[in-house]
Amino acid sequence: MAGLSLFLVTLIIDFGLQFVFGVLSIVLKSEKSYDLIGGLTHILCSIVGVFYDWNVAVKISFEAKLIQALCICCWAGKLGSFLLYRVIKAGGDKRFDSVRKSPIKLLIAWFLQGLWVYMNILPSLFMWATTKKDMTFVSVIGWVVFLFGLLFETVADYQKTVFRNNPANKGRFITSGLWGISRHPNYFGEIVLWYGLSISAAPYFSSQWAYFTLLCPTATALQICFVTGIPLLEKSGMEHWGNEPQYAHYVHNTGVLVPWLVCCECTPLPNKELLVDEEEIPQPSSGVKEVDMVDVDLGEENGEV
């Protein structure tokens, strides 16, 4: 019963925060807090997950639960603050240009963020609701995978930030560092880290239904790869640099997602009739939600300045 209550409490916290700040964004006509609230929601739900119904006298896998929560908080704090800094520096968020004047669409965007948050933490919720006591080696492997993904994503974001801050790179695409072995290394790191957290949570599942939550990172990966993430960014890249031989070479010799894995189906030929536009491409951030706008939340696109 406590486990069911935990799911309900975190659900209320998650969507309650999105609704409150969604309404505030409509009233204040500002969505700058969007990514920050997404990160804070992850953190708050993780804290509640660890300590909800916690009995100090009965430490049931508390250390493992705490490590799981710290991993999520570390990722959410890093990404939320990074995306907030990016929006403040830009003076606004272009992703919301097409929905800012529509209260309904703006609320839908916030609702989708709530759905994204809950999907991310669902495997961990089953772990936090467990009655199993021992920490497992499989969980340790999962945390190692998480750390690898987090490091990969962080380095990719840092390299892109350094590239964008160089005036000489204005209007150009990045091919150095991790961006030289993957066109979307931050997406790759994002997908890997959530698979890692699902692996670390799996040994504590006490219900067969809990194993269906292992599909959550898969759903995120599929949406990134085929719906609102990579397809939109690849299209923007083609519109920007599709007639440049250097970009054509980069596309055909660099994996779209997995480093060094070049897939012909994922690398369409550039359209030579497209003109190069030197303006910035509207960029998504972390997550997998879209409401008549560019993808909202999972890193930056390659080559944006």
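F173 is buried in this predicted model. Its relative accessible area is 10%, and the cut-off for burial is under 20%. Y247 is likewise classed as buried, at 4% relative accessibility. W241 counts as buried too, with a value of 1%.

These three residues are connected through their rings. A pair of aromatic rings is described by the distance of the centres and the angle of the planes. The search of the whole structure returned 16 aromatic pairs. In one of them, the ring centres of F173 and Y247 lie 5.0 Å apart. Their planes meet at 75 degrees, so the arrangement is edge-to-face; the cut-off for that class is over 60 degrees. F173 sits in the loop between α5 and α6, whereas Y247 belongs to helix α9 (residues 245-253). The pair therefore ties together parts that are 74 residues apart in sequence. Y247 also pairs with W241. Here the centres are 5.6 Å apart and the planes stand at 45 degrees, a tilted geometry. Elsewhere, ring pairs join F7, F126, F205 and Y211 into a cluster.

The nonpolar interior was examined next. The largest nonpolar core contains 36 residues. Within this core, W75, L125, W128, F146 and L197 have the most contacts. Six helices each supply at least two of its residues: α1 (2-28), α2 (34-51), α3 (62-90), α4, α5 and α6 (185-201). Helix α3 provides the largest share, with 10 residues. A second core is separate from this one and has 23 residues. Among them are F152, L178, I191 and Y250.

W128 illustrates the contacts around one residue of the largest core. Leaving aside residues up to four places away in sequence, W128 touches L6, C45, S46, G49, V50, K65, Q68, A69 and I72.

The surface carries a nonpolar patch as well. The patch is formed by I67, M135, F137, V138, V140, I141, V144 and I199. Together these residues have about 660 Å² of accessible area. Helix α5 (residues 137-164) gives the most to the patch, with 5 residues. M135 lies in the loop between α4 (103-128) and α5. The relative accessibility of M135 is 42%, so this residue counts as partly exposed. That class covers values between the 20% limit for buried and the 50% limit for exposed residues. Helix α5 thus appears in both settings: it supplies residues to the largest core and to the surface patch.

Note on methods:
Residues are numbered from 1 along each chain as its sequence is written. This is a predicted model: local features need pLDDT of at least 70, side-chain atom pairs count only at pLDDT 80 or more; totals for chains, interfaces and linings use all residues. Side-chain values use heavy atoms; hydrogens and water are left out. Patches are made of residues with over 30% relative accessible area and no salt bridge: like charges are joined within 9 Å, nonpolar side chains (Val, Leu, Ile, Met, Phe, Trp, Tyr) within 5 Å. Accessible areas come from the Shrake-Rupley method with a 1.4 Å probe; for residues, only the protein chains shown count as cover. A salt bridge is a side-chain nitrogen of Lys or Arg within 4 Å of a carboxyl oxygen of Asp or Glu. Helices (H or I, at least four residues) and strands (E, at least two) are DSSP runs, numbered from the N terminus. Buried means under 20% relative accessible area, exposed over 50%, partly exposed in between (1.4 Å probe, protein chains only). A nonpolar core is a set of buried Ala, Val, Leu, Ile, Met, Phe, Trp, Tyr and Cys residues joined through side-chain atoms within 4.5 Å. Contact means heavy atoms within 4.5 Å. Rings of Phe, Tyr and Trp (its six-membered ring) pair if their centres lie within 6.5 Å; planes under 30 degrees apart count as stacked, over 60 as edge-to-face and the rest as tilted.
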